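Colleague: Could you take me closely through the open and enclosed spaces of this model, with the elements that border them, and add whatever can be said about the buried parts beside that account? I would like one connected answer.

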Amino acid sequence: MTDVLAVTTVDGDPAARRRTEFVERKGIGHPDSLCDGVAEAVSRRLSRFYRAEFGRVLHHNTDKVHLGAGRAEPTFGGGRVVEPIYVLVGGRATTTVDGRELPIAELAREAARDYLLGTVPELDADHLRIETRIGRTSADLASLFDRGSVPLANDTSFGVGHSPGSATERFVRTLEPRLHAEIDAVGKDVKLMALRRSDGIHLTVAAAVVDRYVADVADYRLVLDRVRALAHEHGEAHLDRPLSVRVNAADDYERGSIYLTTTGLSAEAGDDGAVGRGNRANGLITPGRPMSLEATAGKNPVTHVGKLYNLLALRIAEGAAADLDASHTSVQLLSRIGSPVSEPQAVDIETTVDDEGAVRAVVAEQFGRIGDLTDDLVAGDVDVF
């Protein structure tokens, strides 16, 4: 990999030198995140089916999922859903083998339903309308699965990743799980936006409040107070500068306009979603960092470099942080369609490590384990958004 790898040594994380930093996280119940989750769940279900039936993952890409908002009538103490959330699962898959029709549509619907019901406890099956429009995979892309034992890249594309991330990034990435774990009234649809500047970190939280947990406006405001307090507590553990927090900034109490929901989702009230419009592979949206526009979720875990290279770039950067004590590593990987996925066209690394040989060893190790990444994805052991 000597000819394709370039290593540049830097003296620190470039993000730290910027006067401002924006970091966003769309929570697991955001409509875009729900689409990402469904797309990945369908890919996992198909991958496991293919392996069980044929001994290997067959070609598929299920990264075309759309969510159309439903409608609810939230009420203090518990409201009701009056129009279901619509989910359309699209993409392509291997639908026949040796003349045998495979139950792709049924598997996709089951995977989508199971994911949504397992992720959002306030949802019932009758709150959902799931439709599949998965077409037959293209012969050209399927052939990349079938040319020998080495998977070939399905596209000329790039992936990026960095680690360990700034304090602001780590704060935002780890706050959402605490909100869900510690405050029952906070629904799964949480959006976090942090702004770092010289006077501190300014966090804006949009948190859907579940109506059955609050009896009145006073109860609702107490929930927001708990969110604010938890964010400050979390900031004390992760940040070295003052933190200000605003929760549900669009609320208008005089008009009775508050973020009260029945399902804990904005998807019950006119907010649609689509795959790839939310978090990048590291779970964040960071405009000050190199980012790929590829949708990681739903792409096949064998040949689709739009998925593999974004996750592999993260693993390389994390390896440099863990093994080489790098305080910053940024990785960019470029593939070439038809070449083995383990043989990138170019690798560009920016790192605080000044031992180029050690960096090259980390890169070689991770590319040598790309098959493990596929296995981890099929097992569901990798976060992709």
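Modeller: A residue is called buried here when its relative accessible area is under 20%. The model is a predicted one, and in it T351 has a relative accessible area of 1%, so T351 is buried. This residue is found in strand β17, which spans residues 346-351. A polar atom of the T351 side chain lies 3.3 Å from the backbone oxygen of H328, and H328 is also among the residues in contact with T351 once the neighbours within four places in sequence are left aside. The other residues in contact with T351 on those terms are V7, T8, T9, V10, A326, T329 and V359.

From there I turn to the largest pocket, which has a volume of about 440 Å³. Its lining is made up of 22 residues, and R173, A281, N282, L314 and E318 are the ones that lie nearest its centre. Three elements, namely β10, α5 (167-182) and α7, each supply at least two residues of that lining. Sorted by class, the lining of the largest pocket has 7 nonpolar, 8 polar and 7 charged residues.

The enclosed spaces come next: the structure holds 4 cavities of 30 Å³ or more, and the largest cavity contains about 120 Å³ of space. Of the 15 residues lining the largest cavity, V160, R280, A281, N282 and P290 are the closest to its centre. A281 and N282 are thus named both for the largest cavity and for the largest pocket, where they are among the residues nearest the centre. The elements that each supply at least two residues of the cavity lining are β10 (158-163) and α7 (305-324), and both of these also supply at least two residues of the lining of the largest pocket. β10 gives the most to the lining of the largest cavity, with 3 residues. By class, that lining divides into 5 nonpolar, 7 polar and 3 charged residues.

Helix α7, which borders both of these spaces, deserves a word of its own. Of its 20 residues 15 are buried, so α7 is largely enclosed by the rest of the structure. The helix is followed by D325, whose phi is positive, near 60 degrees.

A comparable statement can be made for a strand: in β2 (residues 21-26), 5 of the 6 residues are buried, so this strand too is largely enclosed by the rest of the structure. β2 is joined by 6 bridges to strand β11 (residues 186-197), and the two run antiparallel. Within this pairing K26 stands opposite K191, which belongs to β11.

The second largest pocket remains, and about 250 Å³ of space lies in it. Of the 14 residues that line the second largest pocket, Y115, V382, D383, V384 and F385 are the closest to its centre. The elements that give two or more residues to this lining are α2 (31-54) and α3 (104-119), and α2 gives the most, with 4 residues. By class, the residues of the lining of the second largest pocket divide into 6 nonpolar, 3 polar and 5 charged.

Key: Residues are numbered from 1 along each chain as its sequence is written. This is a predicted model: local features need pLDDT of at least 70, side-chain atom pairs count only at pLDDT 80 or more; totals for chains, interfaces and linings use all residues. Side-chain values use heavy atoms; hydrogens and water are left out. On a 1 Å grid over the protein atoms alone, a cavity is a set of points where a 1.4 Å probe fits but cannot get out, and a pocket is an open set with protein on both sides within 12 Å along at least five of seven lines; lining residues have an atom within 4 Å of a point. Grid points are joined across faces, edges and corners, and a volume is the space filled by probe spheres set on the points. Ala, Val, Leu, Ile, Met, Phe, Trp, Tyr, Cys and Pro count as nonpolar, Asp, Glu, Lys and Arg as charged, and the others, Gly among them, as polar. Buried means under 20% relative accessible area, exposed over 50%, partly exposed in between (1.4 Å probe, protein chains only). Two strands pair if DSSP finds at least two bridges between them. A polar contact is a pair of N or O atoms within 3.5 Å; within protein, one must be able to donate a hydrogen and the other to accept it, and residues adjacent in sequence count only if both atoms are side-chain atoms. Contact means heavy atoms within 4.5 Å.
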